[in-house]
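Subject: Structure handover

Hi,

Here is the structure I promised to pass on to you. Please open it next to this message, and my notes follow below.

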Amino acid sequence: MRKLLLFFTALFVTYITFAQAPVNDLIENATLIDPTNFVEENLRLDLATDSGVNAIDCGTAGFTKVYYKFTATANANVTATLTDMINSTITQSFVIFYTAPDLNQTDESQLSVASGCELGTTASVNVTPSQVYYVQVHRFDTNTFSRITFNQAEPPSNDSIINAIEITSSIYNLSLIHI
């Protein structure tokens, strides 16, 4: 009986240890990230705090959520993706990008929606250099572990006709040049 009691005590302590509220569950504690390649795993989003404050243009009050923030360093497309740690289906969740005047926000009142305000596990936004962005992530599912991934894709160097790349083919001895 003592071994069984010890086992359940150890199991309970382990569960409590791993089931802690995320540190970035309030906007003033948003995690500063490098959006080019950032991954955070084993998040219990259902334990986050509901601030009760709505961001402008998006009714997110009443939802538990975590926050990330960054300042864009280049013209690029940043994508944030929410996945389950064991590949279970995710329901009624959102990932929303916002612009902000600075990295020191204390409430959602100065945020402006940048990516759209809708349910989903992925959001993307075209970022501009020196602009500050905040990202809210919510997952409705309880007792689950989540992974949030940020990736940045910069546009190609030849994205306009002025920057066209000259291509020469030796097979047909043709030369394609930009005008």
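To start with a question: is glutamate 41 buried, partly exposed or exposed? Keep in mind that this is a predicted model. Glutamate 41 counts as partly exposed, because its relative accessibility is 41%, which falls between the 20% limit for buried and the 50% limit for exposed.

Salt bridges

Glutamate 41 is a good way into the charged pairs. Its side chain meets that of arginine 147 in a salt bridge, with 2.9 Å from N to O. This pair links distant parts of the chain, since glutamate 41 sits in strand 2 and arginine 147 in strand 9, 106 residues apart. As a general point, side chains of opposite charge can pair when their charged atoms come close.

In total, the structure holds four salt bridges. One of them is formed by aspartate 46 and arginine 44, whose closest N and O atoms are 2.8 Å apart. Here both partners, aspartate 46 and arginine 44, are buried. Another brings together the side chains of aspartate 141 and arginine 139, at 3.1 Å from N to O. Aspartate 141 and arginine 139 are buried as well. Salt bridges with shared partners join Asp84, Arg139 and Asp141 into one network.

Around arginine 139 and serine 146

You may want to centre your view on arginine 139, which is found in strand 8, residues 132–139. Arginine 139 has a relative accessibility of 1% and therefore counts as buried. A polar contact of 2.7 Å joins its side chain to that of aspartate 84, and another, of 2.8 Å, joins the side chains of arginine 139 and serine 146. Leaving aside residues up to four places away in sequence, arginine 139 touches a set of residues including Leu45, Leu82, Thr89, Ile90 and Phe145.

Serine 146 belongs to strand 9, which covers residues 146–153. Its relative accessibility is 1%, so serine 146 is buried. With residues up to four places away in sequence again left out, its contacts include Glu40, Glu41, Asn42, Leu43 and Met85. Glutamate 41, the salt-bridge partner of arginine 147, is thus one of the residues that serine 146 touches.

The disulfide

A search of the whole structure finds one disulfide. The disulfide joins cysteine 58 to cysteine 117, with 1.7 Å from S to S. The link is right-handed, with 75° about the S-S bond. Cysteine 58 lies in the loop between strand 2 and strand 3, and cysteine 117 in the loop between strand 6 and strand 7, so the pair ties together parts that are 59 residues apart in sequence. As for accessibility, cysteine 58 is buried, with a relative accessible area of 3%, whereas cysteine 117 is partly exposed, at 40%.

The sheet

Lastly, there is an open sheet of five strands in the order 1-3-8-5-6, with mixed pairing. Its edge strands are strand 1 (31–32) and strand 6 (112–113), each of which pairs on one side only. Strand 1 runs parallel to strand 3 (residues 66–71), and two bridges join them. Within this pairing, leucine 32 stands opposite lysine 69 of strand 3. Strand 8, the strand that holds arginine 139, has strands 3 and 5 beside it in the sheet order.

Happy to talk it through whenever suits you.

Best wishes

Notes
Residues are numbered from 1 along each chain as its sequence is written. This is a predicted model: local features need pLDDT of at least 70, side-chain atom pairs count only at pLDDT 80 or more; totals for chains, interfaces and linings use all residues. Side-chain values use heavy atoms; hydrogens and water are left out. Helices (H or I, at least four residues) and strands (E, at least two) are DSSP runs, numbered from the N terminus. Buried means under 20% relative accessible area, exposed over 50%, partly exposed in between (1.4 Å probe, protein chains only). Contact means heavy atoms within 4.5 Å. Two strands pair if DSSP finds at least two bridges between them. A disulfide is a pair of cysteine sulfur atoms within 2.5 Å. A polar contact is a pair of N or O atoms within 3.5 Å; within protein, one must be able to donate a hydrogen and the other to accept it, and residues adjacent in sequence count only if both atoms are side-chain atoms.
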